[in-house]
Amino acid sequence: MKLLKYIEALKNKIDKAQHEIKDAPLPQQRLRDQTPFPSKQAPLYLEVGCGVGLHPILFAKKRPQAHLIACERTSDKFHKFKKRLENHQLENITAIHEDGMRWLTHWAKESKLTFEKIFFLYPNPYPKNNQRNKRFFAMPLFKNYLHTLKLGGEIEMRTNQLFYLEEAKILATEVWNLECQYCGPLREESEKGITHFERKYLKREETCYELILKKTSSTF
Ligand SMILES: C[S@@+](CC[C@H](N)C(=O)[O-])C[C@H]1O[C@@H](n2cnc3c(N)ncnc32)[C@H](O)[C@@H]1O
């Protein structure tokens, strides 16, 4: 489907899916990870799909006043992340072994308008055309992530796929009413990379891209 047509279909699905937003939490037993929602004393950040956790650790060290909830749904990656965490004395990371959407749906009340920033770093691009609805910005339920973002909060997405960057920017601005603050090649402070995937791509001398979005309206 052409992107313009997809945008119209997506907008339609969001309207129809309005009733699907549940404020009531899922029954606790349906969550694999029973970690409670962290206290809101520190500014809260969310990372969805943190892999083996390099970025959460770098972030938590750099921002001791902030608290990062880092979700990873794949077991082997999550266990490597947990192992790595044991070697660091970091109180400001909550590691969640769960699908980010599922976890937030459970904690809908607690997470509403809560996050300063959400990170999607090197998400699987699902490159086939018929997989578009699995890409974060192309999912009708992406609105559930937006519900958790504070007004004025940011989303940071990184990818090595130009098509993914361009599509995400269009969907973010046209469908999700987010303001684009930056869209282009990494303006990275460290040439080494902040995630394992980023390090792999930079080592291969591939271009990595960054999309910074701001929530400036309360539509979602
Ligand atoms: C391509 S890897 C990138 C990992 C890491 N961000 C990096 O850059 O090194 C994408 C990761 O996101 C995880 N993932 C994808 N969707 C997710 C979701 N909805 N919730 C939690 N994890 C997710 C996958 O299991 C996978 O480990």
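**Exercise 1. Classify Tyr126, and state where it lies and what marks its backbone.**

Solution. With 16 C-beta neighbours inside 10 Å, Tyr126 counts as partly exposed, because a residue is buried if 20 or more other C-beta atoms lie within 10 Å of its own, exposed if 12 or fewer, and partly exposed in between, with C-beta atoms placed from the backbone. The structure is a predicted model, in which local features need pLDDT of at least 70, side-chain atom pairs count only at pLDDT 80 or more, and totals for chains, interfaces and linings use all residues. Residues are numbered from 1 along each chain as its sequence is written.

Next, the location: Tyr126 belongs to the loop between β4 and α6 (142-148). Here helices (H or I, at least four residues) and strands (E, at least two) are DSSP runs, numbered from the N terminus. Finally, the phi angle of Tyr126 is near 40 degrees, a positive value in a residue other than glycine.

**Exercise 2. Carry out the analysis for Leu113.**

Solution. Leu113 sits in the loop between α5 (108-111) and β4 (115-121). Its phi is near 50 degrees, which is a positive value in a residue other than glycine. As 13 other C-beta atoms lie within 10 Å, Leu113 is partly exposed.

**Exercise 3. Describe the protein as a whole.**

Solution. Begin with the elements: the protein has eight helices and seven strands. The radius of gyration is 17 Å, close to the 17 Å that the globule rule gives for 220 residues, so the protein is as compact as a globular protein of that length. This radius is taken over C-alpha atoms, and the globule rule is 2.2 Å times the number of residues to the power 0.38.

Then consider the extent: the C-alpha trace spans about 50 × 45 × 30 Å along its principal axes. Of the 220 residues, 35% are buried. As for contacts (two residues whose C-beta atoms, placed from the backbone, lie within 7 Å), 76% of those between residues at least 6 apart in sequence join residues at least 24 apart.

**Exercise 4. Examine strand β2: its burial, its partners and its crossovers.**

Solution. First, burial. Five of the five residues of β2 are buried, so the strand is largely enclosed by the rest of the structure. Both faces are covered, with His67, Ile69 and Cys71 buried on one side and Leu68 and Ala70 buried on the other.

Second, the pairing with β1. Two strands pair if DSSP finds at least two bridges between them. Strand β1 (residues 44-48) pairs with β2 in the parallel sense over five bridges, and Val48 stands opposite Cys71 in β2. From β1 the chain passes through helix α2 (residues 54-62) to β2, in a right-handed β-α-β crossover. Right-handed here denotes that, with the strands pointing away from the viewer, the path from the first strand over the helix to the second runs clockwise.

Third, the pairing with β3. Four bridges connect β2 (residues 67-71) and β3 (residues 93-96), which run parallel. Leu68 has Ile93 of β3 as its bridge partner, while Ile69 has Thr94 of β3. Together, β2, helix α3 (residues 75-86) and β3 form a right-handed β-α-β unit.

**Exercise 5. Contrast the surroundings of Ala172 and Lys192.**

Solution. Ala172 is located in helix α7 (residues 162-174). It counts as buried because 23 C-beta neighbours lie inside 10 Å. Not counting residues up to four places away in sequence, Ala172 touches Phe137, Leu178, Cys180 and Leu213. Its C-alpha atom is separated by 23 Å from that of Glu72, 100 residues apart along the chain.

Lys192, by contrast, is found in the loop between β6 (178-185) and α8. With 10 C-beta neighbours inside 10 Å, Lys192 counts as exposed. Lys192 and Pro140 are 52 residues apart in sequence and 35 Å apart in space, C-alpha to C-alpha.

**Exercise 6. Characterise the shell around the ligand.**

Solution. A residue is near a molecule if its C-beta atom, placed from the backbone, lies within 6 Å of it. The ligand is surrounded by 20 residues, the closest being Gly49, Gly51, Tyr122, Thr195 and Phe197. The elements that give two or more residues to this shell are α4 (100-106) and α8 (196-203). Of the elements, α8 gives the most, with three residues.

The last step sorts the shell by residue type: eight are nonpolar, seven polar and five charged. In this scheme Ala, Val, Leu, Ile, Met, Phe, Trp, Tyr, Cys and Pro count as nonpolar, Asp, Glu, Lys and Arg as charged, and the others, Gly among them, as polar.
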